[in-house]
Amino acid sequence: AKIWSAETGKCHHMLRGHDFEVSSVAFALDGELVLTASEDHTARLWSVESGECVRTLHGHQGGVNSALFSPPLLATGLFGGCS
């Protein structure tokens, strides 16, 4: 995944760390964090300012297809249920 400037079209950060494709991306309401969901069975939280991964969320037994913020919680999902 990448973080882009809407004004200039410049790429600010390439979010590297997932082992497989990213299927969903969501910004926190305050714009400080980005949540990504991946086919590698993880979700990751990223700093928008630095582009660094601040937390990796493990626990799904399949590819994670969706990611949402609802402060103070995060939600992740996959096709076929919660596993």
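This briefing walks through the sheet, the nonpolar cores and two buried residues of the structure above. Please keep in mind that the model is predicted. At its heart for our purposes is an open sheet of four strands, ordered S3-S4-S5-S6 with antiparallel pairing. Ser47 and Thr42 are both buried, and each gets its own section below.

**The sheet**

- Strand S3 (22-27) and strand S6 (53-57) are the edge strands of this sheet, each pairing on one side only.
- From one strand to the next, the twist averages 20°.
- S3 and S4 run antiparallel and are joined by five bridges.
- If you would like a pair to look up on screen, try Phe27, whose bridge partner in S4 is Val34.

**The nonpolar cores**

- The largest nonpolar core has nine residues: Ala26, Ala28, Leu35, Ala37, Ala43, Leu45, Val64, Ala67 and Phe69.
- At least two residues of this core come from each of strand S4 (33-38), S5 and strand S7 (66-70).
- A second core, separate from that one, has five residues, among them Leu15, Val34, Trp46 and Val48.
- In soluble globular proteins, nonpolar side chains tend to be buried together.
- Ala28, a member of the largest core, is in contact with Leu33 and Phe69 once its neighbours within four places in sequence are set aside.

**Ser47, in strand S5**

- You will find Ser47 in strand S5, which covers residues 43-47.
- Ser47 has a relative accessible area of 14%, so it counts as buried, the cut-off being under 20%.
- A polar atom of the Ser47 side chain lies 3.1 Å from the backbone nitrogen of Ser50.
- Beyond its neighbours within four places in sequence, Ser47 is in contact with Glu32, Leu33, Glu52 and Val54.
- Ala6 is 41 residues from Ser47 in sequence, and their C-alpha atoms are 17 Å apart in space.

**Thr42, in the loop between S4 and S5**

- Thr42 sits in the loop that lies between S4 and S5.
- Why does Thr42 count as buried? Its relative accessible area is 7%, and buried means under 20%.
- The side chains of Thr42 and Asp40 make a polar contact at 2.6 Å.
- Not counting neighbours within four places in sequence, Thr42 is in contact with His18, Thr36, Ala37, Thr56, Leu57, His58 and Val64.
- Two of these contacts, Ala37 and Val64, also belong to the largest nonpolar core.

How values were computed. Residues are numbered from 1 along each chain as its sequence is written. This is a predicted model: local features need pLDDT of at least 70, side-chain atom pairs count only at pLDDT 80 or more; totals for chains, interfaces and linings use all residues. Side-chain values use heavy atoms; hydrogens and water are left out. Buried means under 20% relative accessible area, exposed over 50%, partly exposed in between (1.4 Å probe, protein chains only). Contact means heavy atoms within 4.5 Å. A polar contact is a pair of N or O atoms within 3.5 Å; within protein, one must be able to donate a hydrogen and the other to accept it, and residues adjacent in sequence count only if both atoms are side-chain atoms. A nonpolar core is a set of buried Ala, Val, Leu, Ile, Met, Phe, Trp, Tyr and Cys residues joined through side-chain atoms within 4.5 Å. Two strands pair if DSSP finds at least two bridges between them. Axes are lines fitted to C-alpha atoms, for helices over the stretch in contact, and angles run from 0 to 180 degrees between N-to-C directions.
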